[in-house]
Amino acid sequence: MRGRDKMEKNKKSENYSLFDELKKWSPIFFWIVLAAIILSVLMVAIAKLIPGAKLFLMDKDGYYNVTLIGTLIAGMALVINTIESERKAKEERERHNTAIRLQIEKERIDRLYIKFYEYYKTVYELVEGYDEMIVSLQGLDRLDELDGNHIDTSLVKEEYTKRFNEALCRVNPTYKSRIWIAGAELCCQIPDESNDSEDPGAELEASIDVIAKGIQGYEIYDITESRELINSRKKSINTFMKHKIEIIELLQITTDNFKLYVADIQKELIK
């Protein structure tokens, strides 16, 4: 059974190759035949309409000069074949260049996704840091309410305080350096193809810049201020919540702009 399938597959392959070869040569054959017909009609017309034309178009027996006709047809066939070969070579070069361009753009899109993932992850670490500090402060608030019931909550308070301090230490260096660097690396993957402010690449760069500048404007808290921040929990929670929401909203805008930019690249590749 496998041998029969293999034979049928080879037969189909041979038939396809033969058909493909005939398809390749059929335009040339068609133009040669058409040129021969036109040339023959033209020679008959010249022989009848122009006096003395028979002297070089016809031999002494009154037949048309087959050698001359064959030479003319061969010359026309050579010209047609040269033109067709040049056309096919040009198409092949264009296909090759298109394939190279598609590969280059695909690799660029892959790099874009990698850099955007790194950028998104870096920015979201800041969101997680603020979230951790908010949760810790809210936990300390709840524990204060339990103190009135004479429940020993000192160990849990210490745990929440430790979590708050760790998040505070993690947040400060993150948004002052790593986000800026990650954003710059992502922007390096966006070539300056247009000065139009509505260009998807320009909009993506602008949204990255907004996050970087906005975050740079947030207040820096030193670990020595931890006790003060914990004591003024309500104010701290409101401040951290505001920053967290701002970052999430800006990050969503940047994500939408990134999707539009990639979609615009892919749309250009289809053309």
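Select helix α5 and look for its buried residues (under 20% relative accessible area with a 1.4 Å probe and protein chains only; over 50% is exposed, in between is partly exposed). They are Pro200, Gly201, Leu204, Ser207, Ile208, Ile211, Ala212 and Ile215. These residues cover an arc of only 135° around the axis, which puts them on the same side of α5. The arc is taken from the directions from the helix axis to the C-beta atoms.

This is a predicted model: local features need pLDDT of at least 70, side-chain atom pairs need 80 or more, and totals for chains, interfaces and linings use all residues. Numbering starts from 1 along each chain as its sequence is written, and side-chain values use heavy atoms, without hydrogens and water.

Stay at the start of α5. Here a side-chain oxygen of aspartate 199 comes to within 3.1 Å of the backbone nitrogen of glycine 201.

Now go to the rings. The structure has seven aromatic pairs (Phe, Tyr or six-membered Trp rings with centres within 6.5 Å; planes under 30 degrees apart are stacked, over 60 edge-to-face, the rest tilted). Select phenylalanine 116 and phenylalanine 258. This pair is stacked, with 4.1 Å centre to centre and 5° between the planes. It links distant parts of the chain: phenylalanine 116 is in helix α3 (residues 66-147), phenylalanine 258 in helix α7 (residues 233-270).

Are these two rings buried or exposed? Phenylalanine 116 is buried at 9% relative accessibility, and phenylalanine 258 is buried at 3%.

Next, select tyrosine 120 and tyrosine 124. Their ring centres are 5.9 Å apart and their planes at 5°, so this pair is stacked. Tyrosine 120 is partly exposed at 33%, and tyrosine 124 is partly exposed at 32%.

Finally, select Tyr113, Phe116, Tyr120, Tyr124 and Phe258 together: ring pairs link them into a cluster.

How values were computed. Helices (H or I, at least four residues) and strands (E, at least two) are DSSP runs, numbered from the N terminus. A polar contact is a pair of N or O atoms within 3.5 Å; within protein, one must be able to donate a hydrogen and the other to accept it, and residues adjacent in sequence count only if both atoms are side-chain atoms.
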